[in-house]
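Grab a pencil and work through these exercises with the structure open beside you. Each task comes with a solution that goes step by step.

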Amino acid sequence: MYFPKPYPDELMGSIMIRASHHLGLSTRRFGPMLDLANWEIPSFIYPRGLARVATLCAKDASELLWEHTLFPYVVWAPHLNARKQLEVQELTDEPLTATFKLGRVFPNRLNATFFRKLCPICASEEYRDLGETYWHRNHALPGVFVCPLHQVRLHVTRIPLLKRGLLKWDVLPQETHGTASTEPADVALLSAIADASAMILRGDYSPIPHKEAFYRLGYQHECNPNGLHQFSVDFGTFFGRDFLRQIDVPLTRLTRKSWPVAMAAADRAFDLDQPQLRWILIDLFLAVRAAHA
Ligand SMILES: [Zn+2]
């Protein structure tokens with residue numbers, strides 16, 4: 001059966017949409033033809049039936065998993081080195097523990113993170129060079145609102161990223177449009193978040209040891225009893241509490257019991273949703289602070 005070759009960083013859902021386009025079929029008709037297990041509820045970013053799709057596009061299932069789904073991001077945790085074991089679990093349909101469920105990365109709340117995003121420059125270059133466009137993994141990550149390649153703001157569409165999106169919305173970037181948010185104004189900060197997220201996806205992100213930086217910056221020191229409180233306040237000011245709300249990691253209290261304090265002081269990912277994004281934000285904050293200290 002005909003199946004297109006995946007483009008670099010292309011989401012598996014996007015490969016399937018292109019395949020259906022090339023064959024002149026809607027994904028509703030195309031899906032069942034693929035004979036995928038559990039096809040009823042496909043996900044755009046983390047589809048099931050990986051082994052079958054791998055066969056169709058003549059790729060190794062493992063390669064498809066690490067290069068064309070958000071799996072590497074979802075299973076990332078600081079100081080965790082169990083990638084091979086997790087891969088085996090995923091490829092053999094052995095259920096992963098709740099720690100590595102997609103719901104932790106995309107919690108069930110509504111904001112811009114829950115829509116497909118596209119880079120206008122990527123899209124126009126692809127259309128010019130390839131005659132079609134595709135959906136990128138790097139753009140789909142939570143908290144990412146800038147293209148890591150072009151440093152321009154992503155356009156957020158109204159197409160839901162999860163649920164039954166793939167069946168209902170079998171469109172490519174050139175067939176839709178979106179709007180770019182103007183907040184926050186600091187594109188450099190958004191770029192830093194996008195770069196760090198892309199590194200996590202690629203598997204070459206080096207987390208900062210939080211505890212050490214914490215001590216060095218005087219946030220946790222016997223001479224500074226208000227250090228932890230101050231850390232919360234500084235963190236909120238640095239990112240802006242509106243932005244933290246927008247990306248679904250709100251800073252509801254500016255005390256020593258806030259989530260950045262809990263996470264940084266313990267130097268490990270807590271049982272909170274979006275652990276990767278939270279970790280990136282703490283790292284960024286500590287790195288900028290250390291540079292100005
Ligand atoms: Zn781009």
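**Exercise 1.** Work out whether Gln274 is buried or exposed, and what is unusual about its backbone.

*Solution.* Keep in mind that we're looking at a predicted model.
- Step 1: Count the neighbours. Gln274 has 20 C-beta neighbours inside 10 Å.
- Step 2: Compare with the cut-off. A residue is buried if 20 or more other C-beta atoms lie within 10 Å of its own, so Gln274 counts as buried.
- Step 3: Find its place. Gln274 sits in the loop between H15 and H16.
- Step 4: Check the backbone. Most residues other than glycine have a negative phi. Gln274 isn't a glycine, but its phi is positive, near 50°.

**Exercise 2.** Do the same for Asp248: where is it, and how does its neighbour count classify it?

*Solution.*
- Step 1: Look in the loop between helix H14 (241–246) and H15; that's where Asp248 is.
- Step 2: Asp248 has 19 C-beta neighbours inside 10 Å, so it counts as partly exposed.
- Step 3: Asp248 also has a positive phi, about 70°, although it is not a glycine.

**Exercise 3.** Find out which residues of helix H15 are buried and what they pack against.

*Solution.*
- Step 1: Mark off H15, residues 259–266.
- Step 2: Pick out its buried residues: Trp259, Pro260, Val261, Met263 and Ala264.
- Step 3: See what those residues pack against. You'll meet helix H12 (210–216), helix H13 (227–239) and helix H16 (275–292).

**Exercise 4.** Describe how H11 and H16 pack, and say which residues meet.

*Solution.*
- Step 1: Know what to look for. Two packed helices are described by the angle between their axes and the distance between the axes.
- Step 2: Put in the values. For helix H11 (residues 187–202) and H16, the angle is about 125° and the axes are 10 Å apart.
- Step 3: Name the arrangement. H11 and H16 are therefore oblique to each other, and H11 passes H16 in a right-handed crossing.
- Step 4: List the residues. H11 brings Ala192, Ile193, Ala196, Ser197 and Ile200, and these meet Gln276, Ile280, Asp283 and Leu284 in H16.

**Exercise 5.** Stay in helix H11 and find out how Asp195 is placed.

*Solution.*
- Step 1: Asp195 has 17 other C-beta atoms within 10 Å, so it is partly exposed.
- Step 2: Now hop along the chain to Pro148, 47 residues apart from Asp195 in sequence. In space, the C-alpha atoms of this pair are 5.6 Å apart.

**Exercise 6.** Work out the surroundings of Leu244 and of Cys122.

*Solution.*
- Step 1: Start with Leu244, which is in helix H14. Leu244 is buried because 21 other C-beta atoms lie within 10 Å.
- Step 2: Skip its neighbours within four places in sequence, and Leu244 is in contact with Phe239, Val249, Pro250 and Leu251.
- Step 3: Try a longer hop. Leu244 and Leu281 are 37 residues apart in sequence, with 9.7 Å between their C-alpha atoms.
- Step 4: Move on to Cys122, found in helix H8 (residues 120–130). Cys122 counts as buried because it has 22 C-beta neighbours inside 10 Å.
- Step 5: Leave out residues up to four places away in sequence, and Cys122 touches His136, Cys147, Leu149 and His150.

**Exercise 7.** Locate the largest nonpolar core and explain why it lies between the two domains.

*Solution.*
- Step 1: Take the 66 residues of this core and ask which touch the most other members. They are Ile45, Leu70, Tyr73, Ala140, Val146, Leu154 and Ile282.
- Step 2: Check the domains. Both domain 1 (12–175) and domain 2 (207–292) give residues to the core, so it lies between them.
- Step 3: Zoom in on Ala140. Setting aside residues up to four places away in sequence, Ala140 touches Leu11, Ile45, Leu70, Lys117, Trp135 and Leu161.

**Exercise 8.** Sum up the whole protein: how many helices and strands are there, and what share of the residues is buried?

*Solution.*
- Step 1: Count the elements, and you get 16 helices and two strands.
- Step 2: Of the 293 residues, 37% are buried.
- Step 3: Take the contacts with a separation of 6 or more. Residues 24 or more positions apart account for 67% of them.

Technical notes
Residues numbered from 1 in each chain as written. Predicted model: local features only at pLDDT ≥ 70, side-chain atom pairs only at ≥ 80, totals over all residues. Helix = DSSP H or I, 4+ residues; strand = E, 2+ residues; numbered from the N terminus. Buried ≥ 20, exposed ≤ 12 C-beta atoms within 10 Å, placed from the backbone. Contact = placed C-beta atoms within 7 Å. Core = buried A, V, L, I, M, F, W, Y, C linked by C-beta atoms within 7 Å. Domains from an automatic or database assignment. Axes fitted to C-alpha atoms, helices over the stretch in contact; angles between N-to-C directions. Parallel < 35°, antiparallel > 145°, perpendicular 65-115°, else oblique. Left-handed = near helix turned anticlockwise from the far one by under 90°.
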